[in-house]
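Colleague: I have a model open and would like to learn how to read it. Could you walk me through it?

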Amino acid sequence: TWQGPLSEGAQVLLPAASWAESDGQFMNAKGIVQESEQAIEPQGQSRPAWKLAAALGVRLGVPIPWRSLEELRAVLTGTAAPASVSKRSLQPGAAQ
């Protein structure tokens, strides 16, 4: 839940979805990239953090060069196509 001592003092709260409410990738403590899939529907008005960042940028007049998670990954990795890290490439024995 978002309610607590920190949120009580906040002037703005952004409804970011939890890791279980959105698709994503992360690097674990051993440096291994792992992919997570949305397990549950976002609650209330929550949205994935990348969508919140894009909406905030638009409201501030900042051009946002992505419209999907795949496009954002491409921007972050500097590739012209979606990032090469995919669920299939992360499977044991998959060619890298």
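Modeller: Gladly; we will go from the overall layout to single residues. Keep in mind that this is a predicted model.

Colleague: Let's begin with the layout. How many helices and strands does the chain have?

Modeller: A good habit is to list the elements before looking at any side chain. Here the secondary structure comes to three helices and two strands, and the order from the N terminus is α-β-β-α-α.

Colleague: What share of the residues is buried?

Modeller: Of the 96 residues in the chain, 24% are buried. The accessible surface is about 7,700 Å², with 58% of that area belonging to carbon and sulfur atoms. For contacts, look at sequence separation: among those between residues at least 6 apart, 34% join residues at least 24 apart.

Colleague: Now the strands. Do β1 and β2 run parallel or antiparallel?

Modeller: Pairing is read from the bridges. Four of them join β1 to β2, and the two strands run antiparallel. One bridge pairs G24 with S36 in β2. The strands form a hairpin with five residues between them, and in the turn G31 has a positive phi of about 85°.

Colleague: Where else does a glycine take a positive phi?

Modeller: Check the ends of the helices. Just after α2, G61 has a positive phi of about 80°. G78, which follows α3, also has a positive phi, near 75°.

Colleague: Back to the hairpin, then. What is there to learn from F26 and S36?

Modeller: It helps to keep the general picture of a strand in mind: side chains in a regular strand alternate between the two faces of the sheet. For single residues, compare accessibility with the cut-offs. S36 lies in strand β2 and is buried because its relative accessible area, 18%, is under the 20% limit. F26, in strand β1, counts as partly exposed because its 41% falls between 20% and 50%.

Colleague: How far apart are their C-alpha atoms?

Modeller: The separation is 8.0 Å, for two residues 10 places apart along the chain. F26 and S36 are also in contact. Leaving aside sequence neighbours within four places, F26 contacts I32, V33 and Q34 as well. On the same basis, S36 touches S22, D23 and G24 in addition to F26.

Colleague: Which residues make up the largest nonpolar core?

Modeller: A core is read as a connected set of buried nonpolar side chains. The largest one here has six residues: W50, A54, I64, W66, L69 and L72. Helices α2 and α3 each supply at least two of them. Beyond its sequence neighbours within four places, A54 touches I64 and W66.

Colleague: What do the helices themselves bury, and against what?

Modeller: Take them one at a time. In α2 the buried residues are W50, L52, A54 and G57, and they pack against α3. In α3, which spans residues 69–77, the buried ones are L69, L72, R73 and A74. Their cover includes β1, β2 and α2.

Colleague: And which nonpolar residues form a patch on the surface?

Modeller: V12, L14, L56, L60 and V62 make a nonpolar surface patch of about 510 Å². As an example, L14 sits in the loop between α1 and β1. L14 is exposed because its relative accessible area of 56% is over the 50% cut-off.

Methods
Residues numbered from 1 in each chain as written. Predicted model: local features only at pLDDT ≥ 70, side-chain atom pairs only at ≥ 80, totals over all residues. Heavy atoms only, no water. Buried < 20%, exposed > 50% of the residue type's maximum accessible area, 1.4 Å probe, protein only. Helix = DSSP H or I, 4+ residues; strand = E, 2+ residues; numbered from the N terminus. Contact = heavy atoms within 4.5 Å. Pairing = 2+ DSSP bridges. Patch = residues over 30% accessible without salt bridge, like charges linked within 9 Å, V, L, I, M, F, W, Y side chains within 5 Å. Areas by Shrake-Rupley, 256 points an atom, 1.4 Å probe, with all protein chains shown as cover. Salt bridge = Lys/Arg side-chain N within 4 Å of Asp/Glu carboxyl O. Core = buried A, V, L, I, M, F, W, Y, C linked by side-chain atoms within 4.5 Å.
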